[in-house]
Structures are given as structure tokens and as C-alpha cells.
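Biologist: I'd like to learn how to read a protein model, one feature at a time. Could you walk me through this one?

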Amino acid sequence: AEVVHYRIASTRSAAVTLAHFSGLEAKEGIVVCDRFSSYKKLARLNPAIILAFCWAHVRRDFLDLALKFPALEKWALVWVDEIATLYHLNHQRLAHWNGNIPLTRQSVLFDHAQKLLTDQTQMMNDRSQQLLLADQSASNSSGTVVKQSSARKGADEIDASTLEPGQLHEAQRSVLISLQNHWHGLIIFLTYPEVSMDNNSAERAIRNPVIGRKNYYGSGSIWSAELAAMMFSQLQTIELWQLNPRHWLQDYLTACAELGGIAPADLTPFLPWSMSEDRRRQLAKPPPGRQNTS
């Protein structure tokens, strides 16, 4: 809630997340993430970790299907609309949620919104299961499975009207199987309202480093990579508190200059969570003497 922290790792393996959570003292910790295999391994090897998977990635699955297979666009966009309904119902539920009391003791308004949201997720899960079961039954009886060797070729040649009742295209089957395989992690937010439905905030937080990495081809040495991680941590934390990064940095560097190039011993005036509300309001503005051109 207070800090965005970046660290440099030489690998994307599960060893990084396992080391990060090795000292976890809580009985359980919820990690909102995408479906990357390292997170799944983390949850297997650390029983205290609960994975909450991202609905934005599921939505992207259906949008990609609609783009690659125009004949299936209508079918895919129905699911996209259902996911939008989930977000809408969750937003309504959170408007009545009191984080200081247990889930079972919330208001009548919250309970009503919770039921609507639960019913929506259950309907989506039931429909997904029914489609897969019908598809399996149709495949077993006919002995045929509709496949396409190339996504681009399939986009040009697939004719949805040729599919038998209960028979799915391979692309439909794939996205529904993924939905089922990750379903438990996708509904964590029902039991824990404080958990986001997606990991978009994390995705946005790494956008600048990722773009930078592509533009300057990574870091030339370990120390420069560590420096980049420190600077991203500082400036992203400043933005998290809705301060003006240029104003904050100018203020800090001016204090260092006034001390003869030495960092202030007391950092309280520069830490967003310890500075006064009035100072936060001042640092949220552009630096003095500068016109805001953002």
C-alpha cells in the first residue's frame, strides 16, 4: 500500500518468488498474478501461498480468439460481455464493503451484491463446463475433432456453421479448458473482496522498465541494473502517492546540495508516508517556477 519495490533477478524461474516468500510469517498470502508457470510452482512448494489469477488475461484470451477467428467473434464477445458484467457487479459490491468486519457480517446491501456476483460467476462456470462436456460427448460419438493447424489459416477458412451441436472448434476448446483449469484462482476475489480481479496495477507498474529495457537493450552491468531498480522503486513510489516526481526529486537534490552534496540524515520530509498532509499537497504540484506541460 505504501511502496512499489523493484529488484533485479537474473532469471524468471520460480527460485525468485520462492526466495522472496521464504520468510513469510503469515499463515497465508494471496498473490494476484497471471498464469506464468513460476507462480504455479511457487504455490505448489509454498502451501501458504494462494494464487488469485487475472480476469484481464482471460478477457484477452477471448478477444484474441475473436480476432483470429472472425466466424467465432460473436461467440467470443458474449464471454467478453460476461466478464464485463463481473467487473460491474464487483464494483457495486465493493461500494458496500466494510473492510473492518468479517465477510459474514457485512450489510444487507453487500450481501445482495455478493449474491448477484456469486450467481454470475456460477453461471459462467456452469456454461463452460456444459460446453466442454457436450463437446467431449460429441467427439466420442462422432470420432471427429475440429482442428486447425494454423491460426491465420483458420481465420480465413473456418465456417462455424459446419460445427455440429456440442462440437467446439479447437480454439474454443482451448480457451474454455484454460478457464476451467484456473477457475479456483479466478474466484478468490469472491471470498476476499480486498483482492483485485486482475493484476493490471502490477502490469502498469512495470510498463516503464519494460519499455526502457527494450529501448536501451537492458543494463550494461550489474551495478547499473541495481541503480535502475532503485530509481524505479523511488519514482514509482512517488507516483503511487500522487506526488509530482520532478518536484519531489528537485526538492530532495536541493537539500543534498545545501548540505554540500551529502544526503540528509533525516529523510522524514521526503518519505510520503511520514511527511505532513500539507507537504504532500505541495509536492503534488509542479516545481516552483516551472509550467506544467504534462
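Modeller: Sure, let's start with a word we'll need a lot: a residue is buried when its relative accessible area is under 20%, exposed when over 50%, and partly exposed in between. Keep in mind that this is a predicted model. Cysteine 33 shows how the word works: its relative accessibility is 2%, so cysteine 33 counts as buried.

Biologist: Okay, and how many disulfides are there?

Modeller: The count is zero. To be a disulfide, two cysteine sulfur atoms must lie within 2.5 Å. The cysteine sulfur closest to that of cysteine 33 belongs to cysteine 54, and at 8.8 Å it is too far for a bond. Cysteine 54 is in no disulfide either, and cysteine 54 is buried with a relative accessible area of 2%.

Biologist: Before we go on, how do I know which parts to trust? What does the chain average in pLDDT?

Modeller: The pLDDT is the predictor's confidence in each residue, from 0 to 100. Here the chain averages 89, and 90% of the residues score at least 70. Over residues 148-156, though, the pLDDT is below 50, and that stretch has 10 contacts in the model beyond near neighbours in sequence. Where pLDDT is low, the predicted coordinates should not be read in detail.

Biologist: Got it. Now salt bridges: what's the idea, and how many are there?

Modeller: Side chains of opposite charge can pair when their charged atoms come close. In this model, the count comes to seven salt bridges. One of them joins aspartate 61 and arginine 35, with N to O at 2.7 Å. Aspartate 61 is in helix H3 (residues 55-68), while arginine 35 is in the loop between strand E1 (29-33) and helix H2 (37-45), so this pair links distant parts of the chain, 26 residues apart. Arginine 35 has a relative accessible area of 23%, which makes it partly exposed.

Biologist: Can you show me another? Which residue forms a salt bridge with glutamate 82?

Modeller: That's arginine 127, and the closest N and O atoms are 3.4 Å apart. Glutamate 82 sits in helix H4 (residues 73-94) and arginine 127 in helix H5 (residues 108-142), so the pair ties together parts 45 residues apart in sequence. Glutamate 82 is buried at 17% relative accessible area, whereas arginine 127 is partly exposed at 23%.

Biologist: What about arginine 173 and aspartate 135: buried or exposed?

Modeller: Both are buried. They form a salt bridge too, with the closest N and O atoms 2.8 Å apart. The pair links distant parts of the chain: arginine 173 is in helix H7 (residues 170-181) and aspartate 135 in helix H5, 38 residues apart.

Biologist: Next up, aromatic rings. How do I describe a pair, and how many does the structure hold?

Modeller: A pair of aromatic rings is described by the distance of the centres and the angle of the planes. The structure holds nine aromatic pairs. Among them is the pair of tryptophan 75 and tryptophan 79, which is tilted, with 6.2 Å centre to centre and 55° between the planes. Both lie in helix H4, four residues apart, about one turn of the helix. Tryptophan 79 is buried, at a relative accessible area of 1%. Ring pairs also bring in Phe62, giving a cluster of Phe62, Trp75 and Trp79.

Biologist: Where does a charge sit over a ring?

Modeller: Arginine 12 has its charged end over the ring of phenylalanine 36, 4.4 Å from the centre of that ring. Arginine 127, our salt-bridge partner of glutamate 82, lies over the face of tryptophan 79, at 4.3 Å from the ring centre.

Biologist: Last one: how do I read the surroundings of a single residue, say phenylalanine 53? Which residues does it touch?

Modeller: Leave out residues up to four places away in sequence, and phenylalanine 53 touches Cys33, Asp34, Arg35, Lys40, His182, Gly185, Leu186 and Met197. You've met Cys33 as a buried cysteine and Arg35 as the salt-bridge partner of aspartate 61. Phenylalanine 53 lies in strand E2 (residues 49-53) and is buried, with a relative accessible area of 9%. As for arginine 7, it is 46 residues from phenylalanine 53 in sequence and 22 Å away in space, C-alpha to C-alpha.

Conventions: Residues numbered from 1 in each chain as written. Predicted model: local features only at pLDDT ≥ 70, side-chain atom pairs only at ≥ 80, totals over all residues. Heavy atoms only, no water. Salt bridge = Lys/Arg side-chain N within 4 Å of Asp/Glu carboxyl O. Helix = DSSP H or I, 4+ residues; strand = E, 2+ residues; numbered from the N terminus. Buried < 20%, exposed > 50% of the residue type's maximum accessible area, 1.4 Å probe, protein only. Contact = heavy atoms within 4.5 Å. Phe/Tyr/Trp six-rings, centres within 6.5 Å; stacked < 30°, edge-to-face > 60°. Lys NZ or Arg CZ within 6 Å of the ring centre and 35° of its normal.
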